[in-house]
Amino acid sequence: MSIITPAIGPALAGGALIGLVCGTMWLVHGRISGIAGIARLALQGPDRVWRLWFLAGLFAAGLIARLAWPHDLAPGYASLGWLQLIVAGALVGTGTALANGCTSGHGICGLSRLSSRSLVAVVTFMAVAAITASIVAALA
């Protein structure tokens with residue numbers, strides 16, 4: 001029995017690509033690929049051009065994936081209303097501001113650099129995510 005299933009294969013490939021991009025960003029530019037920091041500084045910080053292109057690439061990749069696989073991407077989100085999505089986005093944004101970073105900055109880049117601050121942030125992210133998922137499942 002193989003552990004590589006249709007559901008796991010794309011996740012492994014995506015994880016490998018994320019790791020490759022984060023490692024390349026660090027080696028080539030000496031910068032951490034934390035999306036929250038890149039987005040915040042794209043609006044008011046130095047080096048705006050590459051940050052805006054980075055964010056444009058994220059949006060373009062999501063759009064291309066949505067067009068290529070319209071029925072395979074996050075089918076649960078289709079039932080959510082705009083208000084729910086806006087509230088969820090605001091909560092995530094508040095969390096990244098409080099944690100001084102996001103899951104990509106702390107979870108991928110911070111942990112690979114053995115940052116204790118990132119370890120605390122990731123444990124907090126995961127605990128809150130588990131509690132939230134349990135509450136939502138109980139209410140459904």
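Contact, in what follows, means heavy atoms within 4.5 Å. With that meaning, among contacts in this protein between residues at least 6 apart in sequence, 34% join residues at least 24 apart. I should state at the outset that we are looking at a predicted model.

Let me begin with the overall picture. The protein contains 6 helices and 0 strands, and from the N terminus its elements therefore read α-α-α-α-α-α, with strands numbering 0. The C-alpha trace spans about 45 × 35 × 35 Å along its principal axes. Of the 140 residues, 16% count as buried.

I turn now to the pair formed by helices α2 and α3. Helix α2 covers residues 35-44 and helix α3 covers residues 48-68; the two pack at an angle of about 130°, with their axes 8 Å apart. That angle makes α2 oblique to α3. The crossing in which α2 passes α3 is left-handed. On the α2 side, the contact is made by I35, G37, I38, A39, L41, A42, L43 and Q44, and on the α3 side by R48, W50, R51, L52, F54, L55 and L58. Sorted by class, this contact has 11 nonpolar, 2 polar and 2 charged residues.

What makes up the largest nonpolar core? It has 5 residues, namely M25, I38, A42, F54 and L55. The elements that give two or more residues to this core are α2 and α3. One member, L55, deserves a separate word. Leaving aside its neighbours within four places in sequence, L55 is in contact with I35, I38, A39 and A42.

Another residue of the same helix pair is L52, found in helix α3. Is L52 buried, partly exposed or exposed? Its relative accessible area is 44%, so L52 is partly exposed, the limits for that class being 20% and 50%. L52 and I38 are 14 residues apart in sequence, while their C-alpha atoms are 8.3 Å apart in space.

The loop between α2 and α3 holds D47. This residue has a positive phi of about 55° although it is not a glycine. For context, most residues other than glycine have a negative phi. With a relative accessible area of 39%, D47 is partly exposed.

The second helix pair for today is α5 and α6. Helix α5 comprises residues 103-112 and helix α6 residues 116-139; their axes come within 9 Å and cross at roughly 130°. The two helices are therefore oblique to each other. Here, α5 passes α6 in a left-handed crossing. Which residues make the contact? From α5 they are T103, H106, G107, G110 and L111, and from α6 they are R117, S118, L119, A121, V122 and F125. By class, the contact of α5 with α6 has 5 nonpolar, 5 polar and 1 charged residues.

In the loop between α5 and α6 lies L114. Its phi is near 60°, a positive value in a residue other than glycine. Where does L114 stand in accessibility, buried or exposed? L114 counts as exposed because its relative accessibility is 77%, the cut-off for that class being over 50%.

To close, I return to the two loops. The loop between α2 and α3 contains D47, with phi of about 55°. The loop between α5 and α6 contains L114, with phi near 60°.

Methods. Residues numbered from 1 in each chain as written. Predicted model: local features only at pLDDT ≥ 70, side-chain atom pairs only at ≥ 80, totals over all residues. Heavy atoms only, no water. Axes fitted to C-alpha atoms, helices over the stretch in contact; angles between N-to-C directions. Helix = DSSP H or I, 4+ residues; strand = E, 2+ residues; numbered from the N terminus. Parallel < 35°, antiparallel > 145°, perpendicular 65-115°, else oblique. Left-handed = near helix turned anticlockwise from the far one by under 90°. Nonpolar A, V, L, I, M, F, W, Y, C, P; charged D, E, K, R; others polar. Core = buried A, V, L, I, M, F, W, Y, C linked by side-chain atoms within 4.5 Å. Buried < 20%, exposed > 50% of the residue type's maximum accessible area, 1.4 Å probe, protein only.
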